[in-house]
Amino acid sequence: MMVMHDVWVNWFEGEENGYNVCPFYEWRKLDDIELVDVIPVLYIETRLFNYIENDLDDLPKKMLDLIQNQTIVKGDSIRHAAIVTDGSGIIAFDTMGYQIPLKKSRLIPRQERKVLQLVQQRSRQYFSLKRDWPEKEYHLFSLPPKAMIGLVRRERELKHLTMLALDGLKQGHNLDEVHYWLTEWEPDCYTEVKKLCFEDTWHRLYLHVHDGWSVKHENFCRAIIKGNPLFEQLWNQANGGIESTVLKRIK
């Protein structure tokens with residue numbers, strides 16, 4: 001079995017979308033960065049790689065059996081963890097003792113290059129999924145990748161925060177409130193907006209927020225969360241470490 005030694009990982013826990021497993025240049029000093037002594041490397045098919053990267057579901061038993069207790073961190077073995085690649089994408093995962101990839105991490109650039117070098121001239125390993133993988137369903141708290149294209153970590157976090165605020169509007173079902181926020185986006189359509197029912201107003205507002213990210217999106221996010229202590233805390237967290245602050249020794 002291929003293995004790598006002294007691998008830096010930055011665990012993102014419970015992320016079902018690969019776009020939220022941040023690349024090295026978006027790492028922050030408060031992240032869960034860890035040095036792994038030894039970890040196996042698996043060269044797998046793209047379908048399974050996408051399944052691991054973009055879902056939280058059971059991994060093939062054959063794969064779990066193969067990597068069991070093969071990862072070492074601070075002298076202790078980890079039940080199920082590995083680096084997987086399809087020859088293009090690379091991701092590390094740790095099941096935390098379960099059967100799903102609960103923690104995921106990208107690697108630092110030089111170690112990504114090493115993974116690709118390791119699998120050169122190697123054959124892929126094939127692991128059967130126990131069921132067909134249905135098309136992924138996206139929703140308010142799990143936006144499709146196209147809604148996040150081009151966004152950096154801070155912007156993705158603020159967009160998710162905006163969606164949380166929109167959900168609060170939906171649960172509150174206050175027609176005057178959604179009318180007000182929609183007119184922030186469509187100030188010239190005040191009369192038309194006032195005639196809309198709650199569902200149509202909220203959906204129109206959602207479409208404005210869903211597409212892209214701009215200064216207008218950011219200003220809207222800041223305004224709609226004002227006065228909510230939890231949301232303001234999340235805002236501060238997103239704005240507290242924009243630049244990469246990883247220690248130089250792990251580059």
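User: What makes strand S2 (residues 32-43) and S5 count as a pair?

Analyst: In this predicted model, three bridges join S2 to S5, and the two strands run parallel. The cut-off for pairing is at least two bridges, so S2 and S5 qualify as a pair. For a place to look, find Val41, whose bridge partner in S5 is Ile83.

User: How do you know that S5 and S6 are paired too, and in which sense do they run?

Analyst: Five bridges link S5 with S6, in the antiparallel sense. With at least two bridges required, this also counts as a pair, so S5 has S2 and S6 as partners. On the S6 side, Phe93 stands opposite Ala82. S5 and S6 form a hairpin with four residues between them. Gly87 sits in that turn, and its phi is positive, about 95°.

User: Why is strand S5 (residues 81-85) called mostly covered?

Analyst: Buried means under 20% relative accessible area, and five of the five residues of S5 are buried, so "mostly covered" fits. Both sides of the strand take part: Ala81, Ile83 and Thr85 point one way, Ala82 and Val84 the other way, and all are buried.

User: Now the loop after S6. Why is Thr95 called buried, and why does Met96 get another label?

Analyst: Both residues belong to the loop between S6 and strand S7 (103-105). Thr95 has a relative accessible area of 0%, which is under 20%, so Thr95 is buried. Met96 has 36%; the exposed label starts over 50% and the buried label ends under 20%, so Met96 is partly exposed.

User: What does Thr95 touch, leaving aside residues up to four places away in sequence?

Analyst: Its contacts on that count are Leu59, Leu64, His80, Ile100, Pro101 and Leu102. One of these, Leu59, is also a member of a separate core of 23 residues, along with Trp8, Met63 and Ile108 among others.

User: What is noted about the backbone of Met96 and His173?

Analyst: Met96 has a positive phi, near 55°, and is a residue other than glycine. The phi of His173 is near 55° as well, again positive in a residue other than glycine. His173 lies in the loop between H4 and H5. Its relative accessibility is 46%, between the 20% and 50% limits, so His173 is partly exposed.

User: What makes Met1, Val3 and Leu66 a nonpolar patch, and how does Leu66 get in?

Analyst: These three residues make a nonpolar surface patch of about 230 Å². Leu66 is located in helix H2 (residues 61-67). Patch members need over 30% relative accessible area, and Leu66 has 32%, so Leu66 passes that cut-off. The 32% also falls between 20% and 50%, which means Leu66 is partly exposed.

User: Which residues touch the most other members of the largest nonpolar core, and where does this core come from?

Analyst: Leu166, Leu169, Trp202, Leu205, Ile224 and Ile225 hold that place among its 31 residues. At least two residues come from each of helix H4 (153-172), helix H5 (175-185), helix H7 (198-210), helix H8 (215-225) and helix H9 (229-238). H4 gives the largest share, six residues. To explore one member, try Trp202: leaving out residues up to four places away in sequence, Trp202 touches Leu140, Leu166, Leu169, Lys170 and Val178.

Terms used: Residues are numbered from 1 along each chain as its sequence is written. This is a predicted model: local features need pLDDT of at least 70, side-chain atom pairs count only at pLDDT 80 or more; totals for chains, interfaces and linings use all residues. Side-chain values use heavy atoms; hydrogens and water are left out. A nonpolar core is a set of buried Ala, Val, Leu, Ile, Met, Phe, Trp, Tyr and Cys residues joined through side-chain atoms within 4.5 Å. Buried means under 20% relative accessible area, exposed over 50%, partly exposed in between (1.4 Å probe, protein chains only). Contact means heavy atoms within 4.5 Å. Patches are made of residues with over 30% relative accessible area and no salt bridge: like charges are joined within 9 Å, nonpolar side chains (Val, Leu, Ile, Met, Phe, Trp, Tyr) within 5 Å. Accessible areas come from the Shrake-Rupley method with a 1.4 Å probe; for residues, only the protein chains shown count as cover. A salt bridge is a side-chain nitrogen of Lys or Arg within 4 Å of a carboxyl oxygen of Asp or Glu.
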